[in-house]
Amino acid sequence: MTETAPAPDADDVAAGGPGTGFAAARRSKRSAAVSLVLVAGAGAAALTLGGLDPSQREEEALVYGTLGACIAQQLRGAEACIAAYKTAQETYAATAPRYETEADCQRHHGTGGCTPGAQVTEAARGRYLPVMAAFMMGRTDAQDLPVQPLYPHAPEEEHDEAGTATAGHGGGYCTGAGGRVAYAGGASRVHVPASVARTTSATPRTISRGGFGGTGRATAFSGGSGGRAGGSGGG
Amino acid sequence: MRRVPIPERPDWRLHAARAGFTFHTFDGAPYWDESAYYAFGLAEIEDAIEAPSAALHALCLAFVDRAVRDAAILRSLRIPEHAWDAIRASWDRRDPGLYGRFDFSYGGDGPAKLLEYNADTPTALYESAVFQWLWLEDGLARGRLPAGADQFNTLHEALVARLAAVAPPEGVAFAGFADAPEDRGTLAYLQDCALQAGRAAPFLPVEAIGLDADGRFVDAAGAPIGCLFKLYPWEWMFADPFGRAVGAATTRFLEPPWKAVLSNKGLLAHLWAMAPGHPNLLPTFFEEDPAKAALGRSFVKKPLYGREGANVLIVRDGAVAARDEGPYGGAGYVRQALAALPDFAGRRALVGSWMVGDRPAGLCVRESDGLITTDRARFVPHLIDP
């Protein structure tokens, strides 16, 4: 949307300052044009649609909890499934996020979503790893998507694109790099942002999250004002 | 400055929907209110608002330059010590700011008096920059408003230009609370401006910001964030667990950490000490300062940190004239001379003066029924008389 102010009319033309010798158009005090590329029409919801922002472009991918499920569905050949599963398992052992404590791990991956590191690889002894809940591969070879192990994602951290907590979701996953894969139980085909599908972690990454926001939640959402409760802005 | 009642456009909600203005009504109460407008003379805008805003901003920058290396000042502002290095470093690098809003008590007679500087996370931006502008254009086109009327509002052009000048080529991540509609609307508009400035501008819930083992802030996919716009004030950032990681991180912030020195009511006491008698400043003292007695029995007590009028107490002739409850105030107060907001037909008007970068860029007026402008205030458009 672009709206343009009309050109200044004759009334807006005034003499320039003393000594300039020019008649200058009085400078308008407002923008000549206001254009909106995202906000107009659809509102803020449009911001999460693909295409507006390259990082939000989506890839179609396949998510399977077991090798058998991949083979049985026959969307990809059995050989491709076996190769993907093997890659996912190797990647899992080498790059799964490491946590110092089981509680840290469960905060991100949920109760029952973690296992002692030594059960996965000797290199992770003494740490806690999420379980590999599923693996993700491209719908076709041509996409050239990396195979990724997927981990359970704790419900309390689960937010939809608008950031609203989605209660009672089933099967939300995250990648080793922290990207989220929304997965409705049963469907193997998922659409994930390209940034999530193509970002892998080559080495185990220890990313902590949730370190910003707590003070604001505790302060601005304490309610009771009767007005536009919530939020950070100094309105 | 006059308040001019006018019938609202019967179809303004349709215009709002078309323009993506999603938060014009809260809990059934109007926030956008076009049943009146404020009319200013050009001299009022230029001499009483615009020029003083530029001068006060310059005074503020001079204060920052002094404050970042003065432990006594930082302590007086209740800024935690672990944040001092990040604040000073951001100022020494001259990390650019994006925008801010001065709030003035001004009614057309006498100089505008600075009430506070929202230099860190001001909202009311979209409705000032866009919907107020559209209101004027539509009113002129339909002949509902005086032909040749103007508006002090270069916000949109200034924001796009400023983002083009200061945002890094790889883009800016915009963080805030996704479930606060007004904040989300403000962020959506700034994302829009950033896209128009040629930058990628993804949204990131503030809780989704991660910190990796190398001390870098990362986005939801684990990618390092080069530049983060946060609609989440610095005092909360610094109080959060990740606050201690700000100084060592390579991430640059909009607004930069040095804005914490300005977006703090303690600023008002320091400005008064720097420029006593300044025509646009009100005598202001920290609550612990015995000099506050000079204000006598009429004053306003404000928390150093606080927004939307919360926890503000107005005392007139020794009696409480107004009070707004809220969650702020634990970190101390200032006491400011009372400059009651002007009364227009029973409404109290607060003039907001926008800064983009170091330049004044527009104006907004919000109306309240009481002396304190709270989050129940209504946004009323303005024009400049032809």
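What covers the buried residues of α3(A)? The legends below take up that question and then visit other spots in this predicted model.

**View 1. Helix α3 of chain A and its cover.** Helix α3 of chain A spans residues 102-109, and its buried residues are A:Cys105, A:His108 and A:His109. Looking down the axis of α3(A), you will find these buried residues within an arc of 80 degrees, so they line one face of the helix. As for the opening question, the cover over the buried residues of α3(A) includes three strands of chain A: β6 (114-116), β7 (128-130) and β9 (148-152). Just after α3(A) comes A:Gly110, whose phi is positive, at about 90 degrees.

**View 2. A sheet with strands from chains A and B.** Here three strands make up an open sheet, in the order β13(A)-β9(B)-β10(B), with antiparallel pairing. The edges belong to β13 (208-209) of chain A and β10 (217-218) of chain B, each of which pairs on one side only. Strand β9 of chain B, residues 210-211, is joined to β10(B) by two bridges, and these strands run antiparallel. If you would like a residue pair to look for, B:Leu211 has B:Phe217 in β10(B) as its bridge partner.

**View 3. Two positive phi values outside glycine.** Most residues other than glycine have a negative phi, which makes this pair worth a look. A:Gln74 has a positive phi near 60 degrees, and A:Gln74 sits in the loop between α1 (67-73) and α2 (78-95) of chain A. B:Ala124 likewise has a positive phi, of about 70 degrees, without being a glycine. The loop holding B:Ala124 lies between β6 (113-118) and α5 (125-141) of chain B. Which of the words buried and exposed fits A:Gln74, and which fits B:Ala124? A:Gln74 has 9 other C-beta atoms within 10 Å, so A:Gln74 is exposed. B:Ala124 counts as buried because B:Ala124 has 23 C-beta neighbours inside 10 Å, where the cut-off for buried is 20 or more.

**View 4. A cis peptide bond in chain B.** Most peptide bonds are trans. The bond from B:Leu254 to B:Glu255, however, is cis, and its omega is near -10 degrees. To find the spot, follow chain B to the loop between β12 (252-254) and α9 (266-274), where B:Glu255 is located.

Note on methods. Residues numbered from 1 in each chain as written. Chains lettered and ligands numbered in written order. Predicted model: local features only at pLDDT ≥ 70, side-chain atom pairs only at ≥ 80, totals over all residues. Pairing = 2+ DSSP bridges. Helix = DSSP H or I, 4+ residues; strand = E, 2+ residues; numbered from the N terminus. Buried ≥ 20, exposed ≤ 12 C-beta atoms within 10 Å, placed from the backbone. Arc of directions from axis to C-beta. Contact = placed C-beta atoms within 7 Å.
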